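This report sets out selected features of one protein chain for the bench biochemist. It should be read alongside the sequence and the structure shown below.

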Amino acid sequence: MEPVQVPDADAFRAFQAQCEAERGWQSRYRREGVGVWVQPPPPAGPAVHTVKCRIDIQDVPAETVYDVLHDIEYRRKWDMNVIDTHDIARLATNADVGYYAWKCPKPLKNRDVVTLRSWQVVDKSYMIINFSVKHAQYPPRKDLVRTVSILAGYLVQSTGPNSCTLTYLAQVDPKGKLPKWVVNKASQYLAPRMLKKMHKACLKYPSWKQQHNVSVKPWLYPEQNKLPTMMLSDLALQHAASLENIDESSLSEVKDERGDHSGSEN
């Protein structure tokens, strides 16, 4: 098994640099303060595009957005694509392992993922990054396609006392040959809609949090974390090559009014 490491300061710096970079990115969408870019896979790396989405938020402070990204109880309320999401175990004061399953656009199979997630705050930059791991008690399920997060995460940067930018970057292998309509829809419709929906969730969060354990924020106060601890040596990196590929390239789009099928992954 390939060993797992919690991301260090260099890994977070590299992630932030990738979020902020402009060179090598192809613009796919830009409207109303929302942008989406795509980066082709590197010649020597995994044959998976990297997608970057960004939204300018003028009415929510960075701290609130960061709380929303962490608060798994609140996510179950606002993310209509969630099938199941929960934290599994604590790995360090700034890292845990978790499970997330979500609905995909019909008629695609729904997906799930097991990830190591780590977070760090540097000055006015708030970062959360994740990558896929193997967990013995969470093998792939027959009713879901196990996705592989090569690297995904969020960068929240404060631009004022009540404003910020939110960037979502993801290199994720969906483990399957997808139809072109899915790829186009993901970059030009689903990703922007996901960010706008998240913005609305951020606006409602302070009043919701007042009624739901207002002082409990274990991502800020590690002593509040009640998860069982787990050794890093009990995890291994999840590589896409060890999972089954699903060919869904011939499937046609089906109208479905339930959820927005953003395919966002925690």
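## A salt bridge from helix to loop

Lys 196 and Glu 32 form a salt bridge in which the closest N and O atoms are 3.3 Å apart. This pair links distant parts of the chain, since Lys 196 belongs to helix H4 (residues 180–210) and Glu 32 to the loop between strand E1 (26–31) and strand E2 (34–39), with the two positions 164 residues apart in sequence. The model from which these values are computed is a predicted one.

The two partners are classed separately by accessibility. Lys 196 is partly exposed because its relative accessible area is 30%, a value that lies between the cut-offs of 20% and 50%. Glu 32 has a relative accessible area of 65% and is therefore exposed, the cut-off for that class being over 50%.

## Buried salt bridges among the strands

The count of salt bridges comes to nine. In general terms, side chains of opposite charge can pair when their charged atoms come close. One of the salt bridges is formed by Arg 117 and Asp 96, whose closest N and O atoms are 2.9 Å apart. This pair also links distant parts of the chain: Arg 117 lies in strand E6 (residues 111–122) and Asp 96 in strand E5 (residues 95–102), 21 residues apart. Arg 117 counts as buried because its relative accessibility is 8%, and Asp 96 is buried with a relative accessible area of 2%.

Strand E6 also contributes Asp 112, whose side chain meets that of Arg 146 in a salt bridge of 2.8 Å, N to O. Arg 146 lies in strand E8 (residues 145–146), so the pair ties together parts that are 34 residues apart in sequence. Both Asp 112 and Arg 146 are buried. Salt bridges with shared partners also join Asp 87, Asp 96 and Arg 117 into one network.

## Strand pairing around E9

Strand E9 (residues 148–160) runs antiparallel to strand E7 (residues 125–134), and six bridges join the two. Within this pairing, Asn 130 has Ala 152 of E9 as its bridge partner.

E9 also pairs with strand E10 (residues 163–173), in the antiparallel sense and over 11 bridges. Here Leu 155 stands opposite Thr 167 in E10. The connection from E9 to E10 is a hairpin through two residues.

## The surroundings of Val 68

Val 68 is placed in helix H2 (residues 62–70). Is this residue buried or exposed? Its relative accessibility is 2%, so Val 68 counts as buried, the limit for that class being under 20%.

Apart from neighbours within four places in sequence, Val 68 is in contact with Tyr 74, Trp 78, Ala 201, Cys 202 and Tyr 205. The C-alpha atoms of Val 68 and Lys 204 are 9.9 Å apart in space, while the two residues are 136 residues apart in sequence.

## The chain as a whole

The protein chain contains four helices and 13 strands. Of its 266 residues, 49% are buried. When contacts between residues at least 6 apart in sequence are considered, 67% join residues at least 24 apart.

The accessible surface of the protein chain comes to about 13,400 Å². Carbon and sulfur atoms account for 52% of that surface.

Note on methods:
Residues numbered from 1 in each chain as written. Predicted model: local features only at pLDDT ≥ 70, side-chain atom pairs only at ≥ 80, totals over all residues. Heavy atoms only, no water. Buried < 20%, exposed > 50% of the residue type's maximum accessible area, 1.4 Å probe, protein only. Contact = heavy atoms within 4.5 Å. Pairing = 2+ DSSP bridges. Salt bridge = Lys/Arg side-chain N within 4 Å of Asp/Glu carboxyl O. Areas by Shrake-Rupley, 256 points an atom, 1.4 Å probe, with all protein chains shown as cover.
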